[in-house]
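Q: Please give me a close look at one part of this chain, a single loop and what lies around it. Then carry on from there to the rest of the fold.

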Amino acid sequence: MRAIVLLVEDDTKIGKGVAQALETSGYEVDWHTTGRAALDAAMSRPPALVLLDLGLPDGDGVDVCTQLRAAIPSTTIVILTARTDEIDIVVGLDAGADDYITKPFRLGELLARIRAHLRRPHGDGGETFVVGPLTVDMASRRVLCEGAEVELRPKEFDLLALLSGNAGRAMPRERIMEEVWDEHWFGSTKTLDMHISALRRKLSECSDEVVITTLRGVGYRLERLPD
């Protein structure tokens with residue numbers, strides 16, 4: 001069964017090129033040019049991944065992103081944008097996006113990002129990782145913190161699973177990108193920093209016993225603070 005990719009792009013030239021590349025790569029493409037049509041389509045047939053342009057004719061793509069994330073928490077959202085200011089990128093990620101690609105982009109890069117997001121890291125078996133009050137259940141893809149479930153986006157879960165499975169160990173940025181995203185990752189690793197920031201915020205809301213420590217020049221380490 002082919003994975004459904006919801007493409008939300010009002011530029012006909014870009015849309016046709018992306019849709020053709022996706023179909024050639026084996027994906028089922030559901031292409032819409034407005035936010036409203038895309039939301040209706042997502043409710044009818046939830047996609048595995050959304051490619052979302054921010055400049056839409058009927059509103060801002062950031063609002064569409066927020067609504068998609070609320071309606072379909074498990075889907076992956078990748079923003080396609082001509083906006084290159086960091087604040088715009090941060091706003092998009094905070095709205096619920098898992099990643100962003102700035103225009104113009106190479107189709108090879110886009111397809112690599114999609115493969116990375118739809119790929120699950122090795123080890124999605126029956127393991128359960130426990131770090132202090134934190135429990136990461138790989139089989140059900142659920143995270144409990146002091147007994148309360150923590151709502152995570154797909155890549156947030158994958159990242160936390162890797163860190164918790166290696167709790168107390170230094171995890172280099174390069175290994176994180178290879179394991180959670182893709183061994184042939186294109187572009188900036190800023191998306192990793194944004195995911196770390198989101199995880200820290202969510203973990204701090206339920207417990208102050210488990211932290212993600214930044215190791216300058218190396219990467220990150222998940223650890224339980226001593227009593």
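A: Start with Arg-141, which is found in the loop between β9 and β10. The model is a predicted one. Arg-141 is not a glycine, yet its phi is positive, at about 55 degrees. Most residues other than glycine have a negative phi.

Now the two strands that this loop joins. β9 covers residues 134-137 and β10 covers residues 142-145. They pair in the antiparallel sense, over four bridges. Within this pairing, Thr-135 stands opposite Leu-144 of β10.

Both strands belong to a wider sheet. The sheet is open, has four strands and runs in the order β8-β9-β10-β11. Its pairing is antiparallel. β8 (128-131) and β11 (148-149) are the edge strands, and each of them pairs on one side only.

A helix covers part of this sheet. α6, residues 154-165, lies across β8, β9 and β10. Its direction makes an angle of about 115 degrees with β9.

What does α6 meet among the helices? Its partner is α8, residues 190-204. The two axes come within 10 Å and cross at roughly 80 degrees. That angle lies in the 65 to 115 degree range, so α6 is roughly perpendicular to α8. From α6, the contact draws on Lys-155, Glu-156, Leu-159, Leu-160 and Leu-163. From α8, it draws on Leu-192, His-195, Ile-196, Ala-198, Leu-199, Lys-202 and Leu-203. By class, eight of these residues are nonpolar, one is polar and three are charged. His-195 counts as the polar one. Lys-155, Glu-156 and Lys-202 are the charged ones.

α8 has another helix against it. The axes of α7 (residues 173-181) and α8 come within 11 Å and cross at roughly 85 degrees. α7 and α8 are therefore roughly perpendicular to each other. Arg-173, Ile-176, Met-177 and Trp-181 are the α7 residues in this contact. On α8, they meet Thr-191, Leu-192, Asp-193 and His-195. The classes here are four nonpolar, two polar and two charged. Leu-192 and His-195 appear in the contacts with α6 and with α7.

Next, the five-stranded sheet. This sheet too is open, with the order β2-β1-β3-β6-β7 and parallel pairing. β2 (28-32) and β7 (99-102) stand at its edges with a single partner strand each, so one side of each has no neighbour in the sheet. On average, neighbouring strands are turned by 20 degrees against each other, direction ignored.

Take one pair from this sheet. β3 (residues 49-53) and β6 (residues 76-81) pair in the parallel sense over five bridges. Asp-53 stands opposite Leu-80 of β6.

A helix lies across this sheet as well. α5, residues 107-118, crosses β3, β6 and β7. It runs at about 175 degrees to β7. The loop between β7 and α5 holds Pro-104. The peptide bond from Lys-103 to Pro-104 is cis, with omega near -5 degrees. Most peptide bonds are trans.

β6 also has a part in a cavity. The count comes to one cavity of 30 Å³ or more. The largest cavity has a volume of about 30 Å³. Its lining is made of Leu-54, Ile-79, Thr-81, Asp-88, Ile-89, Gly-92, Leu-93, Ala-97 and Tyr-100. β6 and α4 (86-94) are the elements that give two or more residues to this lining. α4 gives the most, with four residues. Six lining residues are nonpolar, two are polar and one is charged. The charged one is Asp-88. Thr-81 and Gly-92 count as the polar ones.

One more helix pair remains. α2 (residues 35-44) and α3 (residues 61-71) pack at an angle of about 10 degrees, with axes 10 Å apart. Angles under 35 degrees count as roughly parallel, so α2 and α3 fall in that class. α2 brings Gly-35, Leu-39, Ala-42 and Met-43 to the contact, and α3 brings Val-64, Gln-67, Leu-68 and Ala-71. Six of these residues are nonpolar, two are polar and none is charged. Gly-35 and Gln-67 count as the polar ones.

Terms used:
Residues are numbered from 1 along each chain as its sequence is written. This is a predicted model: local features need pLDDT of at least 70, side-chain atom pairs count only at pLDDT 80 or more; totals for chains, interfaces and linings use all residues. Side-chain values use heavy atoms; hydrogens and water are left out. Two strands pair if DSSP finds at least two bridges between them. Contact means heavy atoms within 4.5 Å. Axes are lines fitted to C-alpha atoms, for helices over the stretch in contact, and angles run from 0 to 180 degrees between N-to-C directions. On a 1 Å grid over the protein atoms alone, a cavity is a set of points where a 1.4 Å probe fits but cannot get out, and a pocket is an open set with protein on both sides within 12 Å along at least five of seven lines; lining residues have an atom within 4 Å of a point. Grid points are joined across faces, edges and corners, and a volume is the space filled by probe spheres set on the points. Angles under 35 degrees count as roughly parallel, over 145 as roughly antiparallel, 65 to 115 as roughly perpendicular and the rest as oblique.
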